[in-house]
Amino acid sequence: MTKKASGFIIISQMAEGLKRTLLLQVWVIFLLLAASGRVDSEDEETFQEAKIELSASLEREQFPQNETTTLTVTLKWVGSQDAFEIEPLSPPSVDNLRIISSSSSVETKLDEGTQVTLRKYEFALRGESQGVATIGGVQVNYRHTETGQSSFLETQPIQLEITPATSQKRLKFGLLQLILTIAIVVGIIVFLIYRFAVSKRESVAVSAAEVPPPTLEERLLKELSEIESGLGNHPSEEFYGGVRSITLDFLRGKLELAGRSSTTADVVAEFEQKKLPQGVSESLKKVLETCDQVRFGFKESSQEEKKEILSLLREVLEPEG
Amino acid sequence: MHQDIKVIQEKVKKESVFIKQLTDEIGKVIVGQNYLVERLLVGLLADGHILIEGVPGLAKTLSVKTLSDAIQTKFQRIQFTPDLLPADLIGTLIYNPQDGGFTTKKGPIFANIILADEINRAPAKVQSALLEAMQERQVTIGENTFKLDQPFLVLATQNPIEQEGTYPLPEAQVDRFMLKLSVTYPDREEEMEIQNRMTIGKTYEVNRVISPEDILKARKVVHEVYIDQKVKEYIVNIVMATRNPDEYGLQLKDLIAYGASPRATIYLNLAGKAHAFLRGRGYVTPEDVKSIGMDVLRHRIIVTYEAEAEEVTSEHIVKQVFDHIEVP
C-alpha cells in the first residue's frame, strides 16, 4: 500500500469539519504556490527587457582643418561583459572627414551595487576641407547571451564644422627665423671676441719676445725674497717647507738632481757623484738637513738661523759674478 | 723643537750610548757587514725577529753569535735539520719512574737570542713550533704554558742556493719576521782585512757591554721616538702602492699577486723609529723609512707567475715603489 492511499483512508475517516479545514489549507498553499509562479514569470520579463544604451559623442564639434577630433561611441548595459555578444563595429560613414585611427575598450564597474559594463569605441577624425562635415549613424548589432535574442541599435548622424587651419606653421617659421637671427648675432659677437683675444695674444707674444723670460735662478730668487719678506709672519715649518721647495726646484732644474722620491740623504749622495763644488754641496746639505730637522723633528729655529739659511741658499742661487 | 720631542731627543742620546760600544765590540770580530750589524740592532731595538739570507761563509752566524756575546744574555744556536722534532726545540715532558710523575724539560728556545741556523732545512712542523713561539712569545709543554724571557729575539738564517732537501717557509710564516736581510759579499778592502785577521791564529774576545735591562730600556725609548704625520702618510703610501700600484701611477699590477700586509705598515714605523734611534735622533725622517724599507717589504710582496717568468723579483718591485713614491 502506498502512502497516498493510506493518507486518503485517514482523510476519509476524519470528521467533516476537519476535512473542510484541511481542504481550505490545501487551497491556500496552492494559491501561494501559484503566486510564487507569477513572481518567476515577472523575472523572465525583466530579462527580456535587458537592454543596451548606445550613445555617441564628439570631443569637439568645431575644429581646425589641420587638427583632429575624437568620436566616442559608448555601449552601456547592466550586467557582466558576457551578458551581450557585440558584433564587430563597422566604422561610421564620414563625409569631408578621414578616420585616422580607432580603438576600443571594455570596462566593468559597480554602480550603487549594480554591475555595469561600458564598451567604448573611439575614432580619431581629421577634417578634409573647410566647411560642414557629417558622421553617419553607427549601427551596433548585439545578441543577448542568455536568451539568444538579437537586436541592433543605431546612433543619429552628427554634423560638425571644420574651420580653417591654424597658423602654427607660420608661427614655427617665425620662431625659426628668430633663432637663426640670434645665432648669427651670437656668432658675430664670438668671432669679434676671438679676433680681439688673438690680436691681444699676438701683441703679448711680441712684447714677450722683446723681454726675455726670467732664468730659473731669477725666478727662485724672487720666491726666496717673498719668503724673506714674510720671515717673521710664517711658522717655522711653513718657512722651511718653502726653502726646501726652492732648493729642490733648483737642484732639479739646474743640476738634474733630486727626483721627487729622493730623500735628503739620496740628494747628498748625488752631490758626491756629481762632484759639486765643495762650498755649494755643503751649503745645500746644511739647508736640506735643517729643513728636515724642522719639518720632521719640530726643531726650534731662531730668526738668525733662518736668515743664515736664506743667505746660504741665496749664495747658491745667485749667478756667478 | 717641541718640548716633548726635546725630551725624547735627550732620552735617545742617553740611552743610545751603548750602541757605539756594542758596534765597536762586534767590529773586533766582524769585518765589514755594517749593514748586517745595523739591521741586527734594529731588530733588537724594535723587538722584531730577523730572517737572514745569504750564501755560506758571509759571517751570518758569526755576526749573530758576536752580538749575543756582547750582550749579557742567554744565547742558543739551533741547527735545523730534516730530522728535528718540535720537542727538540721547545722541550718535552719526561717520565720519572721513581715517583711516576712527569718533569718538564725546557728546550733550547728558552733563551734571549736564538739563532735558528738554516731554518728551511727543518720540516714544517718544527718551523711552525718556532714561528708560533716567535708570535706568541710563550711556549706550551704538556699542560703548562711558559712565558719566554725578554728580550726574545729569533735570528734565522737560510741558504738561497741549496734548495735540495729544503722546506721553504710558507709566506704567512715569513711575514712574522720583521726584517728579511739579504747579505752580500764583502768588498775588496774588507776581504783583505778578513784575510789579515783570520789567518794569524788569534782569537778575539768580545766583552759584554750591555745587559738585557739596557735593551729593554732602549726599546721603551724607541717606542717614544716621534714620527710625524707626513712620515706616517709616506709609509701608508708605500704600502698601499704595493697593493694598488695603478692608483699611484705604477705599472706593476700584473707583477704583484699580493701586496704588503698591515704588518708591513707596523714594522716600517717601528723599524724606522729604531733606525732613527741608532742615528741618535728623537724623530723619524723619510730617510729612516726608505733605509729599512727594502728589508721590511722584500718578503711581504708575492710576485705573479708572469713576474717570475720575466725574472722580476719582489726586490725589483720594492725598489720601483720607493723610486716612485714622493718623499714628503
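# A tour of chains A and B

Start with chain A, whose secondary structure comes to eight helices and 11 strands. Keep in mind throughout that this is a predicted model.

**Stop 1: chain A as a whole.** Select all of chain A. Of its 321 residues, 18% are buried. Now think about contacts in chain A with a separation of 6 or more: 70% of these are between residues 24 or more positions apart.

**Stop 2: strand E11 of chain A.** Select residues 158–163 of chain A, strand E11. Then add strand E2, residues 62–64 of chain A; E2 and E11 run parallel and are joined by three bridges. Which residue of E11(A) stands opposite A:Phe63? Click on A:Ile162 to see the residue in that place.

Next add strand E8 of chain A, residues 131–135. E8 and E11(A) run antiparallel, with five bridges between them. Pick out A:Thr134 here; its bridge partner in E11(A) is A:Gln159. In general, strands of a sheet pair through backbone hydrogen bonds, either parallel or antiparallel.

**Stop 3: a three-strand sheet in chain A.** Clear the selection. Show strands E4, E9 and E10 of chain A, which form an open sheet in that order, with antiparallel pairing. The edges are E4 (84–86) and E10 (150–154), each of which pairs on one side only. From one strand to the next, the twist averages 30°.

Zoom in on E4(A) and E9 (residues 139–144) of chain A. Three bridges hold this antiparallel pair. Label A:Glu85 and look across to A:Arg143 in E9(A), which stands opposite.

**Stop 4: where the chains touch.** Show both chains. How many residues of chain B are in contact with chain A? There are 20, and they touch 12 residues of chain A. Select helix H12 (286–297) and helix H14 (314–324) of chain B: each supplies at least two residues of the side that touches chain A. Colour that side of chain B by class, and you get 10 nonpolar, four polar and six charged residues.

**Stop 5: the five-strand sheet of chain B.** Hide chain A. Select strands E2, E5, E8, E1 and E9 of chain B, an open sheet in the order E2-E5-E8-E1-E9 with parallel pairing. Strand E2 (75–79) and strand E9 (179–182) stand at the edges; each has a single partner strand, so one side of each is left without a neighbour in the sheet. The twist averages 15° from one strand to the next.

Follow E2(B) to its partner, strand E5 (residues 113–117) of chain B. Five bridges join this parallel pair. Among the residues to label are B:Gln76 and its bridge partner in E5(B), B:Ile114.

**Stop 6: a cis peptide bond.** Go to the loop between strand E7 (144–147) and strand E8 (153–158) of chain B, where B:Pro151 sits. The peptide bond from B:Gln150 to B:Pro151 is cis, with omega near -5°.

**Stop 7: helix H3 of chain B.** Select residues 34–46 of chain B. The helix has 13 residues, which at 1.5 Å a residue should span 18 Å; the end C-alpha atoms are 18 Å apart, so the two agree. Is H3(B) mostly covered or mostly open? Mostly covered: 10 of the 13 residues are buried. B:Leu36, B:Arg39 and B:Ala46 are among them.

**Stop 8: two positive phi angles.** Step past the end of H3(B) to B:Asp47, which follows the helix. B:Asp47 lies in the loop between H3 and strand E1 (50–53) of chain B. Phi here is near 60°, a positive value in a residue other than glycine. B:Asp47 is partly exposed, because 19 other C-beta atoms lie within 10 Å.

Now jump to B:Arg137, in the loop between helix H6 (124–136) and strand E6 (138–141) of chain B. Its phi is also positive, near 60°. B:Arg137 has 13 C-beta neighbours inside 10 Å, so it counts as partly exposed.

**Stop 9: the nonpolar cores.** Finish inside. The largest nonpolar core has 117 residues, and B:Leu155, B:Val225 and B:Ala271 have the most contacts inside it. Helix H11 (residues 262–278) of chain B gives the largest share, nine residues. Centre on B:Ala271: its contacts beyond four places in sequence include B:Val42, B:Ala46, B:Met178 and B:Ile292. A second, separate core has 17 residues, including A:Phe63, A:Leu75, A:Phe84 and A:Val138. In soluble globular proteins, nonpolar side chains tend to be buried together.

Technical notes
Residues are numbered from 1 along each chain as its sequence is written. Chains are lettered from A and ligands numbered from 1 in the order in which they are written. This is a predicted model: local features need pLDDT of at least 70, side-chain atom pairs count only at pLDDT 80 or more; totals for chains, interfaces and linings use all residues. A nonpolar core is a set of buried Ala, Val, Leu, Ile, Met, Phe, Trp, Tyr and Cys residues joined through C-beta atoms within 7 Å. A residue is buried if 20 or more other C-beta atoms lie within 10 Å of its own, exposed if 12 or fewer, and partly exposed in between; C-beta atoms are placed from the backbone. Helices (H or I, at least four residues) and strands (E, at least two) are DSSP runs, numbered from the N terminus. Two residues are in contact if their C-beta atoms, placed from the backbone, lie within 7 Å. Ala, Val, Leu, Ile, Met, Phe, Trp, Tyr, Cys and Pro count as nonpolar, Asp, Glu, Lys and Arg as charged, and the others, Gly among them, as polar. The expected span of a helix is 1.5 Å times one less than its number of residues. Two strands pair if DSSP finds at least two bridges between them. Axes are lines fitted to C-alpha atoms, for helices over the stretch in contact, and angles run from 0 to 180 degrees between N-to-C directions.
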